Amino acid sequence: MNRKWLHWLPIVLLLAAVLFGYSTTVDSAFNAWKQQFREAAIAEGIHAETVDSALRSLLLDKKVLRLEAHQPEFTKTVWEYLETAASPERIANGQKLLHDYAPLLQRIHAQYGVQPEYLLAVWGLESNFGNHTGRYSIVRSLATLAYAGEIERREFWQKQLIAALRILQNGDMPPVAMQGSWAGAIGHTQFIPTTFEAYAVDFDGDGHRDLVSSIPDALASTANYLAHSGWERDQPWGFEVRLPASFDWSKADTDYWLPLNIWSMVGGVNAINGQVLDSTNEAFVFLPAGYRGPAFLALRNFQAILKYNNAQNYALAVGYLGDRIQGKPPLSADWPTEDKPLSHAEKIELQTLLTAVGYNTDGVDGKLGPNTRSALRRWQLDVNLPADGYATQHYLSLLRQSVAAKAAN
């Protein structure tokens, strides 16, 4: 008998003891947290039996924590994102569903004023028309994040968990149906629990608000949410435009709104589709890929989509996919596809460099949000560059040179 493996036995046993001890420590701490949460949930009106039933034998989901911590090195460019979001297959599926669900969509439109094509676009982006709603336990995911997620977000996750338990307590959805994304989003159009509580509706009249099993409930709830977010009945989200060569790039700002007729008469902005801009509806110039890419006039409905998901690329994708489902043509202008996207580390460097040369980004997190875009725009204006707030490798290189020159002096 070969006994060489016995030499490794002490090490194996030691590792097992360490791992077992760690697991015991985690279980003990998680159980203590569950008890604290139980008290907090009961104080918020959740019945003890509801909490106990949901948390009994509940274990942490380590995959959820890995997904929360994962920071992709590169994110998709806007044109890559749109290519997937509004793929020919998705457009075709959306047009088929527009026909198949026409009576339902017409009733929802009559009540909430949201055009069917844009409801379908949200459905398509959020779950590929119900094909990818997520299979994570909502309660387990939220409990995991509330206990061991990013510290600054734990209060948010706990609030979502309490809302999820209230949904179960109210009988809107049975526990077995409470499945969704790893981050706790529910159903066909991915409502987080607090959004569910505020905006979900029982459109099929069965006495329950069910965003997983009821397509009428899911689509009507989405329309209700958009309507409450400021959606203007039957108005466009925006449209592609052509800017004059003399355009003042400092006016391409999400905070700079003008009536469409002023953009046309004074600013020289023309709609690509030939639409006459004679309305007093206000809009801003939106440059998702900077001054070298397509330009848009974005109206109030674009802002309503942003309240659903506060990412400009997402709002553009909903609008564009909805347009394509409606039968409108693809975009006219070309994207600057030669641009290489900034990595996460390069975004952090960009923020650091902007702050170093006097344009504070209000934090360094590798996320090019409104504060960073504003800082970049101010720097671009001061160095006589088109102030589009669009971060590129070229601008990063110029900032490196600026900081190096400043250090040399």
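**Sheet pairings and helix packing in the predicted model**

Val241 sits across from Ala271 of β5. The structure is a predicted model, in which local features need pLDDT of at least 70 and side-chain atom pairs count only at pLDDT 80 or more, while totals for chains, interfaces and linings use all residues. Residues are numbered from 1 along each chain as its sequence is written, and side-chain values use heavy atoms, with hydrogens and water left out. Helices (H or I, at least four residues) and strands (E, at least two) are DSSP runs, numbered from the N terminus.

The sheet comes first. Five strands make up an open sheet in the order β4-β6-β7-β3-β5, with antiparallel pairing. The edges are taken by β4 (258-259) and β5 (270-271), each with a single partner strand, so one side of each has no neighbour in the sheet. Two strands are said to pair if DSSP finds at least two bridges between them. Strands β3 and β5 pair in the antiparallel sense over two bridges.

On to strand β7 (residues 295-298) and its partners. Strand β3 (residues 238-242) runs antiparallel to β7, and four bridges join the two. Here Val241 stands opposite Ala295 of β7, and Phe239 stands opposite Leu297 of β7. Strand β6 (residues 282-286) also pairs with β7 in the antiparallel sense, over three bridges. In that pairing Phe286 has Phe296 of β7 as its bridge partner, and Phe284 has Ala298 of β7.

How are the two faces of β7 covered? Ala295 and Leu297 on one side, and Phe296 and Ala298 on the other, are all buried; buried here means under 20% relative accessible area, exposed means over 50%, and partly exposed is in between (1.4 Å probe, protein chains only). Strand β3 is mostly covered too, with four of its five residues buried.

In the loop between β3 and β4 lies Ser250. This residue is partly exposed, at a relative accessible area of 24%. Ser250 and Gln380 are 130 residues apart along the chain, yet their C-alpha atoms are separated by 9.3 Å. Not counting residues up to four places away in sequence, Ser250 touches Arg377, Leu381 and Ala387, where contact means heavy atoms within 4.5 Å.

Now for the helices. The axes of helix α6 (residues 102-112) and helix α11 (residues 215-228) come within 10 Å and cross at roughly 25°. Axes are lines fitted to C-alpha atoms, for helices over the stretch in contact, and angles run from 0 to 180 degrees between N-to-C directions. That crossing makes α6 roughly parallel to α11; angles under 35 degrees count as roughly parallel, over 145 as roughly antiparallel, 65 to 115 as roughly perpendicular and the rest as oblique. The α6 and α11 crossing is right-handed, meaning that the near helix is turned clockwise from the far one by less than a right angle (anticlockwise would be left-handed). On the α6 side the contact uses Leu104, Leu105, Ile108 and Tyr112, and on the α11 side Ile215, Pro216, Leu219, Ala220, Ala223, Asn224 and Ala227. By class, the residues of this contact are ten nonpolar, one polar and no charged. Ala, Val, Leu, Ile, Met, Phe, Trp, Tyr, Cys and Pro count as nonpolar, Asp, Glu, Lys and Arg as charged, and the others, Gly among them, as polar.

Helix α6 also packs with helix α5 (residues 88-100), at an angle of about 80° and with the axes 5 Å apart. That makes α5 roughly perpendicular to α6. Leu97, Leu98, His99 and Asp100 of α5 meet Ala102, Pro103 and Leu105 of α6, a set with five nonpolar, one polar and one charged residues.

A further pair is helix α4 (residues 78-85) and helix α14 (residues 312-326), whose axes come within 10 Å and cross at roughly 40°. The two are therefore oblique to each other, and their crossing is right-handed. Val78, Tyr81, Leu82 and Ala85 of α4 contact Asn313, Tyr314, Leu316, Ala317, Tyr320 and Leu321 of α14, giving nine nonpolar, one polar and no charged residues.

Helix α14 also holds Val318, which counts as buried at 1% relative accessibility. Outside its neighbours within four places in sequence, Val318 is in contact with Tyr118, Ala121, Val122, Leu125 and Ile305. The C-alpha atoms of Val318 and Glu126 are separated by 9.9 Å, with their positions 192 residues apart along the chain.
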